[in-house]
Amino acid sequence: MAKIIMITGGQRSGKSSFAERMALELTEGCKQGPVYLATARIWDKEFAHRVERHKARRGERWTNLECEKYISECNLQGRVVVIDCVTLWATNFFFDVSSAAESAEAADAEDGTLVERVLGLMKRELHKLAKQEATLIFVTNEIGLGGVSENKLQRQFTDIEGWFNQHLAESAQEVYLMVSGIPVKIK
């Protein structure tokens with residue numbers, strides 16, 4: 001079974017940098033360097049440029065993988081993996097399930113609301129992935145600290161992210177909250 005580490009916090013709180021430093025420390029002296037598993041979709045040229053800058057910054061020691069949704073299909077056996085990030089991963093499921101309610105993916109999901117279907121898909125992926133012997137460092141946003149949105153889709157997404165983060169934290173052996181670049185261990 002995988003060791004799960006969760007790193008949460010607000011945008012630009014230092015989550016990814018902390019996760020990357022942790023992964024490098026955990027692979028110090030190992031034959032294989034860490035894996036960076038990116039879940040983002042490339043929306044435009046600016047975002048593509050940002051992704052390339054991040055890859056270059058990490059350097060050759062890292063194995064870079066891109067997987068928008070079905071992360072359990074990646075062979076991560078024996079590796080230390082930064083999964084960045086849960087929020088973009090959830091966005092991919094949310095967008096696909098909400099825009100194609102009659103798709104095979106939605107039909108395969110649990111019956112219920114959009115929120116329940118997306119949560120079901122994400123939880124199944126997490127449980128499949130956690131069967132691998134690996135150290136999984138999940139980076140996620142703590143988006144529930146603000147007010148309640150007047151927009152229904154935003155409220156639904158906040159519910160998905162919040163409830164999945166709770167599930168992830170329960171599954172994790174370690175949980176860190178990033179505050180202005182400072183990691184605070186909460187579990």
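Mentor: Welcome! Contact here means heavy atoms within 4.5 Å. Keep in mind that this is a predicted model.

Trainee: Thanks! Leaving aside neighbours within four places in sequence, which residues is Val81 in contact with?

Mentor: Start by finding Val81 in strand S4, which covers residues 80-84. Set aside the neighbours within four places in sequence, and the partners of Val81 are Val35, Leu37, Leu76, Thr135, Leu136 and Ile137.

Trainee: Is Val81 buried or exposed?

Mentor: The cut-off for buried is under 20% relative accessible area. Val81 has a relative accessible area of 0%, so Val81 is buried.

Trainee: How many Å apart in space are Val81 and Ile4, C-alpha to C-alpha?

Mentor: In sequence, Val81 and Ile4 are 77 residues apart. In space, C-alpha to C-alpha, the distance between Val81 and Ile4 is 9.8 Å.

Trainee: Let's turn to the helices. How far does H3 reach from its first C-alpha to its last?

Mentor: Helix H3 takes in residues 86-99, which makes 14 residues. At 1.5 Å a residue, 20 Å is expected, and the reach of H3 is close to that. From first C-alpha to last, H3 reaches 20 Å.

Trainee: Which residues of H3 are buried?

Mentor: Look along H3, residues 86-99. The buried residues there are Val86, Thr87, Trp89, Ala90, Asn92, Phe93, Phe94, Asp96 and Val97.

Trainee: What is the orientation of H3 and H6 to each other?

Mentor: The axes of H3 and H6 (residues 152-171) come within 10 Å and cross at roughly 125°. Angles from 65 to 115 degrees count as roughly perpendicular and those over 145 as roughly antiparallel, with 125° falling in neither range. H3 and H6 are therefore oblique to each other.

Trainee: Which residues of H6 does H3 meet?

Mentor: On the H3 side, the residues involved are Val86, Thr87, Trp89, Ala90, Thr91 and Phe94. By class, this contact of H3 with H6 has nine nonpolar, four polar and one charged residues. The H6 residues met are Leu153, Gln156, Phe157, Ile160, Glu161, Phe164, Asn165 and Leu168.

Trainee: And what about H5 and H6: are they roughly parallel or roughly antiparallel?

Mentor: The axes of H5 (residues 114-129) and H6 come within 10 Å and cross at roughly 30°. Angles under 35 degrees count as roughly parallel. H5 and H6 are therefore roughly parallel.

Trainee: Is the crossing of H5 and H6 left-handed or right-handed?

Mentor: Keep the same pair in view, with axes crossing at roughly 30°. The crossing of H5 and H6 is right-handed.

Conventions
Residues numbered from 1 in each chain as written. Predicted model: local features only at pLDDT ≥ 70, side-chain atom pairs only at ≥ 80, totals over all residues. Heavy atoms only, no water. Helix = DSSP H or I, 4+ residues; strand = E, 2+ residues; numbered from the N terminus. Expected span 1.5 Å × (residues − 1). Buried < 20%, exposed > 50% of the residue type's maximum accessible area, 1.4 Å probe, protein only. Axes fitted to C-alpha atoms, helices over the stretch in contact; angles between N-to-C directions. Nonpolar A, V, L, I, M, F, W, Y, C, P; charged D, E, K, R; others polar. Left-handed = near helix turned anticlockwise from the far one by under 90°.
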